[in-house]
Amino acid sequence: FAGGGMTIDVCWERKRRYYVSDLTPIPARMGDIRQWDMTDGLPDDLPVPDLVFLDPPYWKQAKGKYGDKPTDLSNIELDVFTASIGNIARNIKRKWHGSPRPNGRLALIIGQWKTDGQYIDLPFLCYTAIAKYLTLDVRIQVPYSTQVHGGAYVNMAKESKEMLYLSRDLMVFKV
């Protein structure tokens with residue numbers, strides 16, 4: 001999920017190897033980012049990774065923002081979304097099995113969501129899907145930056161008398 005290229009920039013800065021893909025990379029980074037639909041499984045040329053980092057769209061929160069493809073994780077139904085996250089974990093575990101990197105990690109950062117007055121605990125649902133294949137190593141609360149919750153978000157929360165989400169979950173799983 002490297003559509004904007006920030007992962008590449010950080011890897012370059014820290015002299016790390018990377019393999020990034022996105023269903024809809026931004027045009028400016030098309031040469032750096034492989035176009036790939038993760039719901040189709042892992043790319044055939046994916047090397048065995050030490051770390052897989054997932055920063056998916058938060059399901060319907062981003063509906064239509066990344067594209068109109070029916071397999072876009074922001075356009076699919078919730079059960080398909082969580083199953084897709086679980087399938088990524090299953091496929092990564094298969095990639096690690098019998099490899100020279102049996103101690104790989106999968107990290108996921110995701111926040112909660114509320115839609116149509118219903119609270120959706122995306123971190124818990126994703127945890128449940130991934131935990132079928134991998135073991136949770138650590139879970140960390142990551143505060144949103146102040147730019148995420150500008151005045152408009154604060155006013156909407158006040159008007160609807162709802163809580164403002166202030167953090168996301170970063171979960172790291174191991175084989």
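This passage looks at one strand and its partners, then at the cysteines and a loop glutamate, in a predicted model.

Strand S4, covering residues 105–110, is a good place to start. Of its 6 residues, 5 are buried, so the strand is largely enclosed by the rest of the structure. S4 pairs with two strands that run in opposite senses relative to it: S3 is parallel, while S8 is antiparallel. The pairing with S3 (residues 51–54) is made over 4 bridges, and here Phe-53 sits opposite Ala-107 of S4. With S8 (residues 167–174), S4 shares 6 bridges; in this pairing Arg-105 faces Lys-174 of S8. As a rule, side chains in a regular strand point alternately to one face of the sheet and the other.

Turning to the cysteines, the model has 0 disulfides. Cys-11 has a relative accessible area of 13%, which is under the 20% cut-off, so this residue counts as buried. Cys-126 is buried too, because its relative accessibility comes out at 0%.

That leaves Glu-162, which lies in the loop linking helix H4 (151–160) to S8, the strand that also pairs with S4. With 34% relative accessible area, Glu-162 falls between the 20% and 50% limits and is therefore partly exposed. Leaving aside residues up to four places away in sequence, Glu-162 is in contact with Lys-114 and Ala-157. Lys-114 is 48 residues from Glu-162 along the chain, and the C-alpha atoms of the two are 9.9 Å apart.

How values were computed:
Residues numbered from 1 in each chain as written. Predicted model: local features only at pLDDT ≥ 70, side-chain atom pairs only at ≥ 80, totals over all residues. Heavy atoms only, no water. Buried < 20%, exposed > 50% of the residue type's maximum accessible area, 1.4 Å probe, protein only. Pairing = 2+ DSSP bridges. Disulfide = S-S within 2.5 Å. Contact = heavy atoms within 4.5 Å.
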